[in-house]
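Colleague: I would like to learn how to read charged and polar side chains in a model such as this one. Could you take me through them step by step?

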Amino acid sequence: MKLLIALALVSFAVGAFSQCACPNSKWAVCDDAPCQCTLLVGANDKRVVDCTKLLPKCFLMKAQMHRARTGKDTRTIGGKPVETAFVDNDGVYDPDCEADGKFKARQCNNTEVCWCVNSAGVRRTEKGDKSLSCEELVETYWLRMQMVHKELPKTVTKADVKAGIETAMLARYKLDKSFVKDVDYDPEGRMIIVDVKKDMTDRTNDLTRVGWYMEKDVKELPQFNDQNKFEPMVAGQKLEMEKIVVYYVDEKAPEFTMKNLTGGVIAVIVVVIVAVIAGLLVLFFMRRREQQRYSKAQGREMDNM
Ligand SMILES: *[C@@H]1O[C@H](CO)[C@@H](O)[C@H](O)[C@H]1NC(C)=O
C-alpha cells in the first residue's frame, strides 16, 4: 500500500514537471508532446502563442472580448509626457490581428464604424465608415505609466522607487532596464511615473505588451498564470499600486480633429473671439459718434461765420 502511494506520488510529481504550461497567460491552453500553447481568441479561432515571452496585446484583447461574449471571467474593476501623447478612451474592443499578433492598422470592432490604431491598438484617428483607409500601423515607441501606490509605513526615496520598479519590471515582464528611461516619484501624491521607451527605429521590441500586462496587474487581475501580485520591493517594503494611467506616444502625431479634441478649449476660443468683436464694435460706434459730433460742431461754426 505504502509502495503504491509512493508510486502514485512519484508519477504525479513527474507528471507535474513534464507538464507543458504557459506562465505568461492564465487563458492559454497547452498540449504536451510536443509542447504547444494556444489562446482562444474567438469561436473556433485559436492562436499559437510563444509562452516564453509576454503574449501579443492584440491576441489578449481579442481573447478578453471572446471571453466576455461567452460569459467567462474577465473581471474588470501627472500628465502627458508630450503634447502628442494620448490615452485610451475606448477601452477593449474586438480587434483584427495579423498572424504574428500585431494589430491591423484599421479596426472596426465587427461594426460599420472603423478607425486607425497604433501598434498598441489604441485609436489615433477619428472614427469613420468602412471606406476609411489606414496606410500603415504607426509604431508606439513610448509608454508613460502613471501610477499611484498605496500608503507605506515608511517613506521611500525616488532612488529606492526607481531601483525597485526596474527590478520588478525585469523580473515580471522581462523588460530590460535599458527600456526604463525614467522613473519619477512624488511622495506627497504617492505618484510614480515610469517612462518606457525604445528607439524610434526599433521594430523588434514590443513595449505595448508590457503596457497591457501592467495595466491588468494594477486595474484588474494579473494575466500571468500564477496570479502573484505586482508588488515591487522598495527599501524593504512591498509597494502596492492602486491606480494606473497609460499615455501612448507614437512615431507620428495622432490625427484627431479639433471637434473631438477639447470642447472646453473651443468654447473658450469662441468666447474670446466674441468678446473681441464686441469690443471692436463698441470702439467703432464710439468713434463714429464722436466724428458726427465734430462735424456738427464744425457746421455750426461755419454758420456763425
Ligand atoms: C465594440 O463592440 C462592443 C460590443 O460589440 C462594444 O461593447 C464596445 O463598446 C465596442 N468598442 C468600441 C471601441 O467601439
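Modeller: Let us begin with burial, bearing in mind that this is a predicted model. A residue counts as buried when its relative accessible area is under 20%, and R124, at 3% relative accessibility, is therefore buried.

Colleague: Which residue meets the side chain of R124 in a salt bridge, and is that partner buried or exposed?

Modeller: The partner is D250, with N and O 3.0 Å apart in the salt bridge, and D250 is likewise buried because its relative accessible area is 5%. The pair links distant parts of the chain, since R124 sits in the loop between β5 (115-116) and β6 (140-149), whereas D250 belongs to strand β11 (residues 241-250), 126 residues apart.

Colleague: What surrounds these two residues, and where is N118 found?

Modeller: N118 is found in the loop between β5 and β6, and with a relative accessible area of 0% it is buried. Leaving aside residues up to four places away in sequence, N118 touches both R124 and D250, and its other contacts include F86, F103, L137 and Y248. T140 is also among the residues that N118 touches, and the side chains of N118 and T140 are joined by a polar contact of 3.2 Å.

Colleague: How many salt bridges does a search of the whole structure find, and which residue meets K62 in one?

Modeller: The search finds 24 salt bridges. In one of them the side chain of K62 meets that of D94, at 3.1 Å from N to O. K62 is buried, its relative accessible area being 9%, and D94 also counts as buried, at 5% relative accessibility.

Colleague: How should I read a pair that is partly exposed, and what does the salt bridge between D184 and K158 tie together?

Modeller: Partly exposed is the range between the cut-offs for buried, under 20%, and exposed, over 50%. The closest N and O atoms of D184 and K158 are 3.3 Å apart in their salt bridge. D184 lies in strand β7 (residues 180-186) and K158 in helix α3 (residues 158-173), so the salt bridge ties together parts that are 26 residues apart in sequence. D184 is partly exposed, with a relative accessible area of 34%, and K158 is partly exposed as well, with a value of 40%.

Colleague: Beyond such pairs, which residues do salt bridges with shared partners join into one network?

Modeller: That network consists of E139, K198, R203 and E251, joined through salt bridges that share partners.

Key
Residues are numbered from 1 along each chain as its sequence is written. This is a predicted model: local features need pLDDT of at least 70, side-chain atom pairs count only at pLDDT 80 or more; totals for chains, interfaces and linings use all residues. Side-chain values use heavy atoms; hydrogens and water are left out. A salt bridge is a side-chain nitrogen of Lys or Arg within 4 Å of a carboxyl oxygen of Asp or Glu. Buried means under 20% relative accessible area, exposed over 50%, partly exposed in between (1.4 Å probe, protein chains only). Helices (H or I, at least four residues) and strands (E, at least two) are DSSP runs, numbered from the N terminus. A polar contact is a pair of N or O atoms within 3.5 Å; within protein, one must be able to donate a hydrogen and the other to accept it, and residues adjacent in sequence count only if both atoms are side-chain atoms. Contact means heavy atoms within 4.5 Å.
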